[in-house]
Amino acid sequence: MTSISRRQFLMGSASLAALANLKACAIHSAAERTGLASAYGDDFLVGTAISNDTLANDNQHLKTLIARDFNAITAENCMKSALVQPRQGQWDWGLADRFVNFGTQHDMHIVGHALVWHSQVPDDFFVHTDGSPIDRDELIQRMETHIRTLMGRYKGKIQTWDVVNEAIDEDKGWRKSAWFNTMGNADYVEHAFRLAHELDPSAHLIYNDYNMHNPGKRAFLVDVLKDYKRRGVPIHGVGLQSHVGLDYPDLQEFEASIEAYAAQGMRIHCTELEVDVLPVAWEFTGAEISTDFEYSDQLNPYADALPTDIQERLTERYVQLFRLFLKHRDKIDRVTFWGTHDGESWKNDFPVRGRTNYPLLFDRELQPKPAYFALMALKR
Ligand code: G3I
């Protein structure tokens, strides 16, 4: 991204005055941000996800670190529908407001996650008060109310939205979720994009999913993107969640996906990056949150500390990934980590609960790990 287009991207369709203001803010931020975001400032945004715990307990130490090293933030949980609208018409803005205020205060690129997802939907979303299932028209109405209220509250503050999350089921085509089944087809996806664009024409709208290197998923999504382009469905980017491990996925497949989505005019976002260092439980590498395997000590080999050889492999894996990202810096707008330090990663509990994982750049004491220094060194 050129510096001008990056500024426009940060601001949406910014006025000249707003742009001048942003320039002043950027100078201020540059002084403040001396870590990763500043090192990769000419390449892409470097983001992190902020947990509910950080927001609820006002973890100042962690927030200071985040402001130093990152220039983009994603709401890990606080904007999911079950949290922000736990019952129809009942909104809980507390943590979402704190999240947006933090990003605004630090001139960060703010990502709203996620408007439409099959998981973490409130119990009453797909049913009437008597428990009977809602129909297609009611679903559209509820979706519109949800998107309109959420986007409306933060219009002009949130620059990017994960509009639809995980609507494709590996290489089986559209996921047969409650959204799909109630609608009777996948039209809810394009409906969500059209509505989001109408509500905030300057917002950057992305489709976000895991295992995006999967050739079957890639081929299906490329066909969808071609169809959307032909029919003018407003989608601007693709989010590759990037929940990867030491040995998976094959980075050539990952690269093929970056190229394939970009060839359809999509900006690329690596939206939920971390590197799982633990043994793969029964060959499972997905991110479908309902998955849960039984704990065993064998599956949790580094409960006390991470051995040096695995730490080295973690560092090397991050270096390989960032070399790939740098190679495609013309296509990639943002690389966001799914959390800041190992202690808060969802990977400690997924797909096996109660393990000790080490997937991020900062350890449990908030100290930068060798992988962090290696990524900084890549830019020197
Ligand atoms: O808030 C409750 C808390 O009150 C309770 O004490 C605790 C006990 O387990 O649970 C807390 O809720 C948890 C919530 O995270 C907040 O920590 C849920 O059980 C837990 O299921 C939830 O997990 C989140 C998961 O999405 C499901 O929404 C993870 O933190 C979050 O990292 C993960 O993120 C998803 C992305 O949104 C989409 N892509 C995949 C990614 C990983 O699944």
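**A walk from a buried ring to the ligand**

Start at Tyr40. This residue has 0% relative accessibility, so Tyr40 counts as buried. Keep in mind that the model is a predicted one. The label rests on a cut-off, because buried means under 20% relative accessible area.

Now look at the rings. A search of the whole structure finds 19 aromatic pairs. One of them joins Tyr40 to Phe322: the ring centres are 5.4 Å apart and the planes stand at 65°, so the pair is edge-to-face. That label follows because planes over 60 degrees apart count as edge-to-face. The pair also bridges distant parts of the chain. Tyr40 sits in the loop between α3 (36-39) and β1 (45-50). Phe322 belongs to helix α13, residues 308-327. Along the chain the two are 282 residues apart. Is Phe322 buried or exposed? Its relative accessibility is 1%, so Phe322 counts as buried.

Phe70 and Phe337 form another aromatic pair. Their centres lie 6.3 Å apart, with 70° between the planes, and this pair is edge-to-face. Here, too, distant parts of the chain are linked. Phe70 is in the loop between α5 (60-69) and β2 (72-75). Phe337 is in strand β9, residues 332-337. The separation is 267 residues. Phe70 has 1% relative accessibility and counts as buried. Phe337 has 1% relative accessibility and counts as buried.

Which residues make up the aromatic cluster? Tyr40, Phe44, Phe70, Phe254, Tyr318, Phe322, Phe325 and Phe337 form one cluster. Both pairs above therefore have their members in it. Charge meets ring here as well. The charged end of Lys379 sits over the ring of Tyr40, 5.7 Å from its centre. Elsewhere, the charged end of Lys217 sits over the ring of Tyr210, at 4.2 Å from its centre.

Step back along the chain from Phe70 to Asp69. Asp69 lies in helix α5. Its relative accessible area is 0%, so Asp69 is buried. What does the side chain of Asp69 reach? One of its polar atoms lies 2.9 Å from the backbone nitrogen of Leu36. A polar contact of 2.7 Å also joins the side chains of Asp69 and Arg68.

Next comes the ligand. Fifteen residues surround it, and the closest are Glu76, Lys80, His113, Gln120 and Glu272. How is this shell made up by class? There are 5 nonpolar, 6 polar and 4 charged residues. Polar side-chain atoms approach the ligand from several residues. A polar side-chain atom of Asn77 lies 2.9 Å from an oxygen atom of the ligand. Trp338 places a polar side-chain atom 2.9 Å from a ligand oxygen atom. For Glu272 the partner is a nitrogen atom of the ligand, at 2.7 Å. On its own the ligand has 790 Å² of accessible area, and the protein covers 56% of it.

His113, listed among the closest residues to the ligand, also takes part in a backbone feature. The peptide bond from His113 to Ala114 is cis, with omega near -5°. Ala114 has its place in strand β3, residues 109-116. The peptide bond from Tyr248 to Pro249 is cis too, with omega near -5°. Pro249 is placed in the loop between β7 (243-245) and α12 (251-263).

The backbone holds other details. Glu166 is not a glycine, yet its phi is positive, near 55°. Glu166 lies in the loop between β4 (160-165) and α9 (178-183). With 3% relative accessibility, Glu166 counts as buried. Ser242 has a positive phi of about 70°, and it is not a glycine either. Ser242 is found in the loop between β6 (237-240) and β7. At 4% relative accessibility, Ser242 counts as buried.

End at Pro301. Where does Pro301 lie? Pro301 is in the loop between β8 (267-276) and α13. That is the helix that holds Phe322. Pro301 has a relative accessible area of 40%, so it is partly exposed. Asn357 is 56 residues away from Pro301 along the chain, and their C-alpha atoms are separated by 9.5 Å.

Technical notes. Residues are numbered from 1 along each chain as its sequence is written. This is a predicted model: local features need pLDDT of at least 70, side-chain atom pairs count only at pLDDT 80 or more; totals for chains, interfaces and linings use all residues. Side-chain values use heavy atoms; hydrogens and water are left out. Rings of Phe, Tyr and Trp (its six-membered ring) pair if their centres lie within 6.5 Å; planes under 30 degrees apart count as stacked, over 60 as edge-to-face and the rest as tilted. Helices (H or I, at least four residues) and strands (E, at least two) are DSSP runs, numbered from the N terminus. Buried means under 20% relative accessible area, exposed over 50%, partly exposed in between (1.4 Å probe, protein chains only). A charge sits over a ring if NZ of Lys or CZ of Arg is within 6 Å of the ring centre and within 35 degrees of the ring normal. A residue is near a molecule or strand if one of its heavy atoms lies within 4 Å of it. A polar contact is a pair of N or O atoms within 3.5 Å; within protein, one must be able to donate a hydrogen and the other to accept it, and residues adjacent in sequence count only if both atoms are side-chain atoms. Accessible areas come from the Shrake-Rupley method with a 1.4 Å probe; for residues, only the protein chains shown count as cover. Ala, Val, Leu, Ile, Met, Phe, Trp, Tyr, Cys and Pro count as nonpolar, Asp, Glu, Lys and Arg as charged, and the others, Gly among them, as polar.
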